[in-house]
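User: Take me through one sheet in this model, strand by strand, and then show me how it sits in the rest of the structure. Please spell out the cut-offs as you go.

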Amino acid sequence: MWRALRPSTKNLVLWQLMVLLLVFGVWHVLTTPGLIPPFLFENDRQAAFFFGEPLKVLGRIWAWFFTSRDIYGHLIVTLVETVLAFVIGTAGGLAVGLWLALSPVAAAILDPYIKALNSMPRVILAPIFAVWFGLGVASKVALGFTLVFFIVFFNVYQGVREVSPTVLANARMLGASQRQLLRHVYLPSATSWVFSSLHTSVGLAFVGAVVGEYLGSARGVGYLILQAEGTFDINTVMAGILVLTAFALVLDWVVGQAERRLMKWQPTTGETERI
Amino acid sequence: MTHNMTAAAQTPALALDAVTCTFVAHNKRVPGYTAIGDVTLSVAPGEFVSVVGPTGCGKSTLLNIAAGLLVPSRGNVRVFGAALQGLNHRAGYMFQSDALMPWRTALANVTAGLEFRGVAGAEARRQGEAWLERVGLSGFGDRYPHQLSGGMRKRIALAQTLALDPDIILMDEPFSALDVQTRQLMENELLQLWAAKRKAVLFITHDLDEAIALSDRVVVFSAGPSARPLGAFDIDLPRPRDVAEVRVHPQFIELHRAIWDVLRDEVLKGYAQQARRT
């Protein structure tokens, strides 16, 4: 019995689910009124008020998706904002990263400004974007873009500069033109750096969308959370957070799949092949 | 050899004329490092020339200049009589370290040069497969470089360089990272491929045995800085050669002794300099 249950690579998912159950269990025990005597708050309803109750949170999520079915419109808006910010930000970071890495003079001129823009707390821009682009999707995409762009940009910039000089010289000797070098040497070499940044930036695209919605919108999961906070409905807030987290994981998984497909040339440690 | 006599009368495939290469120091107060000084060297079409010298004698610098990757500080380079401008497009370069593109399969690496030159996909693939077979790796075309052994990667690099059928082949210690057995196999393979096409080869090595076994002519370089050729030895051993068998040829031993006499002092000098620098 214990041999089958002992943590190993085979029953990883089982143990991961058990951690989840444990967290929910502890949450449930600590917050359900009347279950254990209150030790932090004066009365046994306060824990539920501040931290929500997992059963009610899950019930809320169930209602959103299956009974009242009113989350889909909001969720689609948030996902569209996230994906747009992610795609546009990645494309922009890639293009500018390649350009600056390949033209050192432009990079040297722009260097202080890039550093300044990167160190600026860009969430502050959200109200400005709301004024510029309105309260719809565009202003959230703009905020997400500013977050994603710099991460991808810095990684591409670094990736291009770390191209092996021998591989580069070899490709040049084989007759590659500047365009071909870009397509066949710089880009593939930078992709491994880009992918490591994409996991971070997909999360940040989500942050951009939700924070944007939170600061001013009429639709989206961030808007739902804001509404619930207005009425001190902590269970709905928690439900919104859980839904967002789940979808962030899904997006991260999609990026991981793309990475596995595109990066199959990279050695994985200790890889052997059964012939 | 009569072959060399006629070759010498022709325009050399590659001619370096009083070439000096000084690297600029990052620190302004120290003078630049002159890797090679006043080197005059020529390779006739179809001639196999090896350059031997102590470590750090600027042999790689020499090849980079011949390839057009480095511009010499002084002197000029001629390729089939024409002054070299930019990259040397008539030369193939086999690098000392791994230069394969890790994101391309073995076959795609071999056909990379053909692809860059606009050869159609199917035709490039056909030629690539033929080259893989020639270097004994047919059936390995879909592997990525990291899935191949060091020797296999060198074969792929050889096929990649030769697939473009360059008139001049530059080789920078191509087999130095291989074990002795693999190395002899590769050397014999190289000789066979070379004998079939008779291209001009400039081969850099620190292994005197290898140099004598392969070449028509061995050029000995002095220790750096400011390395230059100290002497050239014609190797008139009969061809075709087998690199393992030719080593016991009495003439081989004779040549080895003669060249080593010149080389030994330089090797000692080179070591002394490196010891001082570190």
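Analyst: Start with β7 (168-172) and β8 (200-205) of chain B: the two strands run parallel, and five bridges join them. One pair to click on is B:Ile168, which stands opposite B:Ala200 in β8(B). As for terms, strands are DSSP runs of E with at least two residues, helices are runs of H or I with at least four, and both are numbered from the N terminus. Two strands count as paired if DSSP finds at least two bridges between them.

Before going further, keep in mind that this is a predicted model: local features need pLDDT of at least 70 and side-chain atom pairs count only at pLDDT 80 or more, while totals for chains, interfaces and linings use all residues. Residues are numbered from 1 along each chain as its sequence is written, and chains are lettered from A and ligands numbered from 1 in the order in which they are written.

Back to the sheet. β7 and β8 belong to an open sheet of six strands in chain B, in the order β6-β7-β8-β3-β9-β10, and the pairing is mixed. At the edges you find β6 (91-94) and β10 (229-234) of chain B, each of which pairs on one side only. Ignoring direction, neighbouring strands in this sheet are turned by 15° against each other on average. For angles here, axes are lines fitted to C-alpha atoms (for helices, over the stretch in contact), and angles run from 0 to 180 degrees between N-to-C directions.

Chain B also has an open sheet of four strands, ordered β2-β1-β4-β5, with antiparallel pairing. Its edge strands are β2 (33-43) and β5 (82-83) of chain B, each paired on one side only. β1 (14-23) of chain B is tied to β2(B) by seven bridges, and that pair runs antiparallel. Within it, B:Leu16 has B:Leu41 of β2(B) as its bridge partner. Helix α2 (59-67) of chain B packs on this sheet, touching β1, β2 and β4 (74-79) of chain B, and its direction makes about 120° with that of β1(B). Touching here comes down to contact, where the C-beta atoms of two residues, placed from the backbone, lie within 7 Å.

Zooming out, chain B comes to ten helices and ten strands. Its radius of gyration is 19 Å, close to the 19 Å that the globule rule gives for 278 residues, so chain B is as compact as a globular protein of that length. That radius is taken over C-alpha atoms, and the rule is 2.2 Å times the number of residues to the power 0.38. The C-alpha atoms fill a box of roughly 50 × 50 × 40 Å along the principal axes. Of the 278 residues of chain B, 43% count as buried. Buried means 20 or more other C-beta atoms within 10 Å of a residue's own, exposed means 12 or fewer, and partly exposed is in between, with C-beta atoms placed from the backbone. Among contacts in chain B between residues at least 6 apart in sequence, 70% join residues at least 24 apart.

For a residue on the exposed side of that cut-off, look at B:Arg264 in helix α10 (250-277) of chain B. B:Arg264 counts as exposed because it has 11 C-beta neighbours inside 10 Å.

Now for the partner. Chain A comes to twelve helices and zero strands. Chain A has a radius of gyration of 24 Å, where a compact globule of 275 residues would be near 19 Å. Its C-alpha trace spans about 75 × 60 × 35 Å along the principal axes, and 32% of its 275 residues count as buried.

Where do the chains meet? The contact takes 15 residues from chain A and 19 residues from chain B. On chain A, α9 (165-173) and α10 (178-215) each supply at least two residues of the side that touches chain B. The largest share of that side, seven residues, comes from α9(A). By class, the side of chain A that touches chain B has ten nonpolar, four polar and one charged residues. Here Ala, Val, Leu, Ile, Met, Phe, Trp, Tyr, Cys and Pro count as nonpolar, Asp, Glu, Lys and Arg as charged, and the others, Gly among them, as polar.
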